[in-house]
Amino acid sequence: MNFYISTTGIKKLTISNSAALKPPPLPPPPPPPPSTAPNRRISTRSILPLLLTLAIVLPFCFLRIAFFVLESAAACSSSIDCSGWTLFSGNDDASSRLSEEFLRLMVDSKESGSVGSGDGDGVGSFNELVKDMISKPQDMRAFAFKTKAMLQAMEQKLKSARKRESVYWHLASHGIPKGLHCLSLKLAEEYAVNAKARARLPQPEYVSRLTDPFFRHVVLLTDNILAASVVVSSAVRNSADPRKLVFHIVTDKKTYTPMHAWFATNSVHDSVVVEVKGLHQFDWSEDVNSRVHDMFEIHRSIWKRYYNDFRKANFGFDGEDQTQLDVLSPTSLSLLNHLRIYVHELFPDLKKVVFLDDDIVVQHDMSSLWNMDLGGNVVGAVLDSSCGDGCCPGRTYSHYLNFSHPLISSNFNPDRCAWLHGMNIFDLEAWRKMNITSKYHQWLKHNLNSGLALWLPGELAPSLMAFEDHMYPIDSSWHVAGLGERPFKTISKEILQDAAVVHFSGPAKPWLEIGSPEVRNIWHKHVNFSNKFIRRCRIM
C-alpha cells in the first residue's frame, strides 16, 4: 500500500510497506558556497625537512652572531676600525686583527719594562683583574699591561716559594730527629750502668778475625746508630755465609759509647764479628795526624768561603743548581766523611774491603765482591746505570768541578760520568802502591793556591780527581742509588728487587719524616722495633 503526502517544501514523499525497515534516502548535500581561495593541503613530509633545517641553521646563526658581537666590541674598544665587518665573511679577518693587536700590545708592555697598567697599581689575581676591568672599562692596552703585571707577580712568587722550599728541605734533611737523639742518650746511659753494654767488641776469641784476609771485611764510617744497625742487619740477613763477615764501624768520640752499647747488647748473629772503634782510639803517627789536620783545615776553608758568599746573598740561589745548597750541609764539616781517603791508614793490615755508607740497605749476598778482580785498579764502583749506555746514574764531573778554571778544564772531561759512592770495593794494596792519598793532597794544595775556586765544598770532588784512571766499573745491579732524591724518581720494581745494594742518596733519608714513602719500607723492615730503646724513644 502506498501513501502520497504533499507538504510545503517537499514535492513528493512515498511511503511503502516494503521499505519500512529501511531508512529513507537522504537528500543530496547542498553545493558549497563559492570561494576565491584555491584548495591547499599541507603534508607532514614537507614539514619535517623544514624543522630539521631550522634546527641546524638557527644555533649556527646564533653562535656566529654572538662571536661577531663580542669580537666587534673588543676590537672597537681598542680603537680598531670596525667598518667593513660582515657576519659570515669578515669574522676571520677581525679575529686575526684582534690577536695581532693584543700580541703587539703585550710586546710593547714587555719592551717598556713596566709592570703596571700605567695609571694605577697592578692586580694580584685573575679575579681582581676581572673585577677591575668590569668596574672600570678600559681599552685593550690597559688590559695587556694589567695581565702582564699579574703574570709577572705570580711568576716571582712561584720562584720565591720554590727556592724557600728547597732551602727548608735541605735543612730538614740534615736535622737530627728527636727519636735518634733520644736513642743516643738512652744507650749512653745504658753504657754507664750496664756491664754487658761495656763488653769487649769483638769477643776475645774473635779478635784474630779483624786482620785475617780470609774473612770478608766491611767498613762503615758513621755517627748514626740506627742507620749502622740497619746496614749490619741487612747484610747479615742476606749473606750466604754470615760467619765470614767482619764489620769495622768507625765513629766519633761522642757517639762511641752509645754505638758500642747498641752492638754489645744487640747481637745480629752468633758468629758475626762487629768492631766499634772511636777516632780517639786510633794510634796514628804524628805525620798522619798532621796530614789529616791540614786536609780538614783546607776543607773547612772551602766551606767557609762559599758559606760567606751564600750568606751575603741572603741565602738566595737560582733554584736550579741544588749543589749550591751543599754549603749548608754539616757533612761538609764532618771529619768522618773526609776520612774516607784514609781508609788504608785506618786499617793498615787489611788488603781488600767493601766500603758502605750508612744510608744503604743490602738486599743480596755480596760475597763475590771480595773475589772480584779489579784489573790493578784501586776502586770498584758502579758507573753505567740501568737507564742505558752513556746514562750517568748520578752526576757528571761538571757538577762537582769548576771547568771555567784552566787547571780543571785541561785535566778532566766535564761530560764524564762520576762513579757512585756509597758501595765500593777497595783494593788497599793497590791504593798504597798508587799513592792515592798523596794525589788527593796535591789537588787540595792546587785548590788552595787557586783561591779555593776549583770545586764546591765536600769530599766527593777531590776523590774523583784522586781516583782518576784508577776506577774499575762494576755491573749496575750491584748499586742502585737515588732513593733519597727529591722529587723521587720512580725506579721500576724489577730494578729495585735485583739490586744488591740500594742507596738512599739524597736529602730524603728513610729515618726522616721527609723520606719517600714509596721506598721507606725497604729500610724499615730491617729496624728492630721490638728493641726496648727503640720503643722508649718512639722511633716509628
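**Exercise 1. Which residues in α7 are buried?**

Before we start, a word on the material: this is a predicted model, in which local features need pLDDT of at least 70, side-chain atom pairs count only at pLDDT 80 or more, and totals for chains, interfaces and linings use all residues. Residues are numbered from 1 along each chain as its sequence is written, and side-chain values use heavy atoms, with hydrogens and water left out.

*Step 1.* Find the helix. Helices (H or I, at least four residues) and strands (E, at least two) are DSSP runs numbered from the N terminus; α7 covers residues 253-265. Its 13 residues reach 19 Å from first C-alpha to last, close to the 18 Å expected at 1.5 Å a residue. That expected span is 1.5 Å times one less than the number of residues.

*Step 2.* Apply the burial cut-offs: buried means under 20% relative accessible area, exposed over 50%, and partly exposed in between (1.4 Å probe, protein chains only). In α7, the buried residues are T255, Y256, P258, M259, H260, A261, W262, F263 and A264.

*Step 3.* Look for the cover, using contacts (heavy atoms within 4.5 Å). The elements covering these buried residues include α5 (178-193), α6 (225-237), β4 (245-251), β5 (273-278) and α18 (532-536).

**Exercise 2. Compare the surroundings of H470 and N413.**

*Step 1.* Place both residues. H470 sits in the loop between α15 (460-466) and β10 (471-474), while N413 belongs to the loop between α12 (406-409) and β9 (423-427).

*Step 2.* Check their accessibility. H470 counts as buried because its relative accessibility is 11%; N413, at 42%, is partly exposed.

*Step 3.* List neighbours, leaving aside residues up to four places away in sequence. H470 touches N377, V378, V379, M434, I436 and K439. N413 touches Y397 and F403, and its C-alpha is 8.0 Å from that of S398, 15 residues apart along the chain.

*Step 4.* Search for polar contacts. These are pairs of N or O atoms within 3.5 Å; within protein, one must be able to donate a hydrogen and the other to accept it, and residues adjacent in sequence count only if both atoms are side-chain atoms. The side chains of H470 and K439 are joined by such a contact of 3.0 Å. For N413, the side chain reaches the backbone nitrogen of D415 at 3.1 Å.

**Exercise 3. Describe how salt bridges connect parts of the chain.**

*Step 1.* Set the criterion: a side-chain nitrogen of Lys or Arg within 4 Å of a carboxyl oxygen of Asp or Glu. Searching the whole structure gives eight salt bridges.

*Step 2.* Begin in helix α8 (residues 286-312). D287 pairs with R291, their closest N and O atoms being 3.4 Å apart. These two are separated by about one helical turn because they are four residues apart in α8. D287 is partly exposed at 48%, as is R291 at 24%.

*Step 3.* Follow the helix to D309 and R305, whose side chains meet in a salt bridge (3.8 Å, N to O). This pair is also four residues apart in α8, so about one helical turn separates them.

*Step 4.* Turn to the loops. R340 bridges to D357, with the closest N and O atoms 3.0 Å apart. R340 lies between α9 (335-338) and α10 (343-346) and D357 between β6 (352-356) and β7 (360-362), so the pair ties together parts 17 residues apart in sequence. Both R340 and D357 are buried.

*Step 5.* Finish with the network: salt bridges that share partners join D287, R291 and E345.
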